[in-house]
Structures are given as C-alpha cells and as structure tokens.
Amino acid sequence: MEMEEERTEKRTISLIEKLEAQHSLTLAEYEALVGYMVERPVPDSAERFLECKASTGRRTDRAAALLAEKAVAARQQVYGKDVYIRGLIEISNICKNDCYYCGIRRSNRSCERYRLSEQEILECCATGYALGFRTFVLQGGEDAHFSDEVVCRLIGQIKKNHPDCAVTLSLGERSRESYQRMYDAGADRYLLRHETADKAHYEKLHPPQMSFDNRMRCLRDLKEIGYQVGCGFMVGSPYQTVQTISEDLKFIEEFRPDMCGIGPFVPHQATPFAKESAGTVELTCYLLSIIRLIHPNVLLPSTTALGTIDPQGREKGILSGANVVMPNLSPVSVRKKYELYDNKICTGEESAQCRHCLEQRMESIGYHVVTARGDVKEWRDS
Ligand code: SF4
C-alpha cells in the first residue's frame with residue numbers, strides 16, 4: 001500500500017515538473033494531477049457527477065507545497081512581489097438570468113434590488129482614484145438598463161476623468177456588436193467566467209434558457225475584438241468532478257485568457273443549491289498554482305470568496321501564485337445587496353478601509369500593493 005502511495009506521489013511530482021517546463025498536460029495528466037488532490041480520484045462514468053472536494057489528508061501536502069513553490073517562483077519572475085488592485089464597483093444587482101448558484105438570480109424575491117446612477121458610479125471611480133486604484137471593474141447582473149449607449153457613455157466619462165486608468169467590464173453575455181461598441185468606447189478588459197468547460201455540467205448549473213455554446217461564443221468574440229479577457233470557474237460547484245476540472249484546465253490552457261478568476265463555490269440560502277457544501281481553500285489554492293504554471297503571465301485574482309471561507313484565504317491565494325486582489329469600491333449602502341453567496345465579506349467597510357486592510361494583509365506576507373493599471377505582461381510588451 002505504501003509503495004503504491006509512493007508511486008502516485010512520484011508520478012504527481014513528475015507531472016508538476018512537466019507542467020512547469022512545458023506549460024501543458026494532456027487531459028488524462030490533468031485528471032491525475034487534480035485527482036491526487038481530491039477525495040474521489042477520477043470517478044468512472046457512472047459516478048460522473050459525484051461530488052469532489054479537496055482531500056485534506058497529509059499524503060497530498062508535499063505535492064501541494066511543491067506546486068505552490070513552483071507557482072510562486074513563476075509569478076515572481078513575471079510580476080515580482082507586486083500585487084495589483086482592482087476597484088470593484090457593483091453597478092446593479094438586477095439580472096434577467098436565473099443561474100442556480102447565484103444569490104441575485106431573477107427568482108430570488110428576497111433580494112432587494114438596486115441600480116447605481118451614472119453619477120454614483122463616477123463618484124466611486126473618483127474615490128478609488130484618490131486611493132490609488134488605476135483599474136475600475138464595472139460588474140453587474142444582466143440589467144437591460146445598461147444598454148450600449150449607457151455603458152459607452154460611462155466608459156467615455158471614466159476615461160475622460162482618469163485617462164491613466166483601465167476599465168474592465170463584467171456585464172455578462174452580450175452580442176458581438178455590443179462588445180465591439182464598448183471596446184471602441186475605450187473598455188480595456190472583460191471578465192466573463194466560463195463557469196465550466198463541460199457542456200453537461202454547464203446545463204446542471206444553469207436553466208435551459210442559458211446556453212453553453214453562447215457563453216463560449218462570447219468569450220471567443222471578446223478575444224477576437226482585442227479585449228484582455230478573463231474566464232474562470234467556481235471550485236467545488238455542485239456536480240463538479242475531477243474530469244470537469246481537468247476540462248477547465250485544458251480549456252484555460254488552450255484559450256489563453258489574460259485573466260482567470262477562480263474562487264470556491266459558496267452556497268446562497270435563496271438558491272436551489274442552498275444545501276450544497278462550499279468548495280475548499282486547499283483545492284482552490286492547488287488549482288491557482290496549476291493555472292499559474294500553465295500561463296506564468298496570467299493575471300490571477302485571490303478572490304473575495306476565498307477570503308469568505310477562510311479569514312486568511314486571500315493571503316493563501318497569493319502564496320499559491322495569485323497576483324491580484326479586488327477591494328470593493330461600491331457605496332457601502334448597496335454592498336450587502338450584491339450578495340452572490342452567503343456571508344460575503346467586506347460589505348460593511350468604506351472603500352478606504354478595504355484598500356488599507358488588503359494592503360496590510362499583503363505586507364504581512366511580504367507582498368506590496370502597487371498603484372498601476374496592472375495589465376497582463378503580453379499587453380504591456382506590445
Ligand atoms: S451569475 Fe450573473 S448572469 Fe447568472 S444570475 Fe447571477 S448575476 Fe445573473
């Protein structure tokens with residue numbers, strides 16, 4: 001038995017070394033690497049959608065530590081000890097969609113809805129600028145109020161007021177023409193999590209009106225138009241398996257996103273997934289390290305969801321190879337209403353408090369928040 005475990009550990013370490021050298025693995029190799037970290041290694045097809053959560057057993061410790069060490073070294077080479085900050089502005093919690101995992105889904109009648117005015121959004125940016133933010137992320141549900149005209153006007157105003165800043169949009173699925181208009185208006189980046197690269201899994205997380213193919217079409221359009229594009233997924237989402245995670249990693253390898261947002265799934269009490277268990281810090285950090293080795297240049301956030309399930313979660317994310325944090329710049333009056341999942345942290349603090357809290361957290365582990373746009377390396381080089 002011990003011999004068998006030793007052999008598996010040896011194989012895992014050789015996969016980590018291969019990933020570090022070649023930035024690519026086969027699907028089967030990703031399955032072996034991920035399977036090593038979860039309690040249920042590579043389920044057979046009958047068990048395809050059985051839950052997979054991280055193992056916290058000691059046998060995985062050495063491989064996880066080696067992986068994190070290599071990921072931190074890769075990140076160090078490209079970004080040093082710098083941590084980029086993004087000012088997150090949650091512009092609306094109104095959404096036409098009904099994703100099963102989301103706290104602001106259309107069917108949640110207990111959600112108190114709000115929409116920020118253009119003036120309020122611009123004020124958030126001005127506050128953020130004074131605090132050293134040079135990227136603003138406008139995030140919201142799919143709210144028809146935010147037409148191309150409204151969003152383009154907003155982008156124009158932000159760029160006029162703060163020409164040295166980047167504007168990132170996270171406004172869901174739109175037509176190619178819409179993405180093009182917003183890009184022409186000056187938007188720099190777009191975040192759209194793919195959620196899962198497995199079509200059958202996607203259909204278990206979303207109602208029939210939503211389409212996996214359309215999500216993928218959006219991501220391709222964004223890339224072709226010229227945005228710095230971010231995809232991503234939840235770790236430990238219902239029905240996720242070693243296989244679906246491996247498909248996510250292969251997709252990330254081939255799609256080559258500029259940004260990749262992964263955080264643990266955290267259930268929300270007013271959704272069909274209320275009773276599901278949350279993802280784990282261990283597996284999220286392990287996957288952050290793998291993604292850093294796949295794309296050493298990628299902008300990789302240590303998410304608020306990670307900080308929600310573990311008080312030291314964001315520090316652990318950075319120590320696994322992440323290099324971005326996203327403090328909240330939304331007005332405190334609406335923070336609690338943008339509750340994508342239960343017990344989301346940082347809903348009571350003013351923007352300045354969030355900014356300083358994160359700065360101190362990063363300093364405590366030897367990293368430094370910097371005042372910079374924080375573009376992906378390829379974009380800066382070009
Ligand atoms: S995940 Fe996004 S698209 Fe889905 S319901 Fe929530 S806000 Fe809307």
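In this predicted model, Leu88 stands opposite Val137 of strand β3. A second bridge pairing places Gly87 against Phe136, also in β3. These contacts belong to an open sheet of 6 strands with parallel pairing, arranged in the order β2-β3-β4-β5-β6-β7. A further open sheet has 3 strands, also with parallel pairing, in the order β8-β1-β9. The points below treat the two sheets, a helix pair, the ligand shell and selected loop residues.

**The six-stranded sheet**

- The strands at the edges are β2 (87–92) and β7 (259–264); each has a single partner strand, so one side of each is left without a neighbour in the sheet.
- From one strand to the next, the twist averages 20°.
- Strand β2 and strand β3 (residues 135–140) run parallel and are joined by 5 bridges.
- Although β2 is an edge strand, 6 of its 6 residues are buried, so β2 is largely enclosed by the rest of the structure.
- Strand β3 is likewise largely enclosed by the rest of the structure, because 6 of its 6 residues are buried.
- In a regular strand, side chains alternate between the two faces of the sheet.
- Both faces of β3 are covered: Thr135, Val137 and Gln139 are buried on one side, and Phe136, Leu138 and Gly140 are buried on the other.
- Val137, the residue opposite Leu88, and Phe136, the bridge partner of Gly87, therefore belong to opposite sides of β3, and both are buried.
- Elsewhere in this sheet, strand β5 (residues 189–191) pairs with strand β6 (residues 228–235) in the parallel sense over 3 bridges.
- Within the β5 and β6 pairing, Leu191 stands opposite Gly230 of β6.

**The three-stranded sheet**

- The edge strands are β8 (324–325) and β9 (368–370), each of which pairs on one side only.
- Strand β1 (residues 82–85) runs parallel to β8 and is joined to that strand by 2 bridges.
- Ile85 has Val325 as its bridge partner in β8.

**Helix packing**

- Two packed helices are described by the angle between their axes and by the distance between those axes.
- Helix α2 (residues 27–35) packs with helix α9 (residues 242–255) at an angle of about 125°, and the two axes are 9 Å apart.
- Helices α2 and α9 are therefore oblique to each other.
- The crossing of α2 and α9 is right-handed.

**The ligand shell**

- The residues surrounding the ligand are Cys95, Asn97, Asp98, Cys99, Cys102, Ile104, Arg105, Gly141, Glu142 and Gly172.
- By class, the residues of this shell comprise 4 nonpolar, 3 polar and 3 charged.

**Loop residues with positive phi**

- Most residues other than glycine have a negative phi.
- Glu195, which is not a glycine, has a positive phi of about 75°.
- Glu195 is located in the loop between β5 and α7 (199–205).
- With 21 other C-beta atoms within 10 Å, Glu195 is buried.
- Cys346 also has a positive phi without being a glycine, with a value of about 65°.
- Cys346 is located in the loop between α13 (332–335) and α14 (351–364).
- Cys346 is partly exposed, with 19 other C-beta atoms within 10 Å; the count does not reach the 20 or more that defines a buried residue.

**Other loop positions**

- Ile345 is placed in the loop between α13 and α14, where Cys346 is also found.
- Ile345 is partly exposed, with 18 other C-beta atoms within 10 Å.
- The C-alpha atoms of Ile345 and Asn328 are separated by 10.0 Å, and the two residues are 17 residues apart along the chain.
- Phe133 lies in the loop between α4 (118–130) and β3.
- Phe133 counts as buried because it has 29 C-beta neighbours inside 10 Å.
- Phe133 and Ala166 are 33 residues apart along the chain, and their C-alpha atoms are separated by 9.6 Å.

Key. Residues numbered from 1 in each chain as written. Predicted model: local features only at pLDDT ≥ 70, side-chain atom pairs only at ≥ 80, totals over all residues. Near = placed C-beta within 6 Å. Nonpolar A, V, L, I, M, F, W, Y, C, P; charged D, E, K, R; others polar. Pairing = 2+ DSSP bridges. Helix = DSSP H or I, 4+ residues; strand = E, 2+ residues; numbered from the N terminus. Axes fitted to C-alpha atoms, helices over the stretch in contact; angles between N-to-C directions. Buried ≥ 20, exposed ≤ 12 C-beta atoms within 10 Å, placed from the backbone. Parallel < 35°, antiparallel > 145°, perpendicular 65-115°, else oblique. Left-handed = near helix turned anticlockwise from the far one by under 90°.
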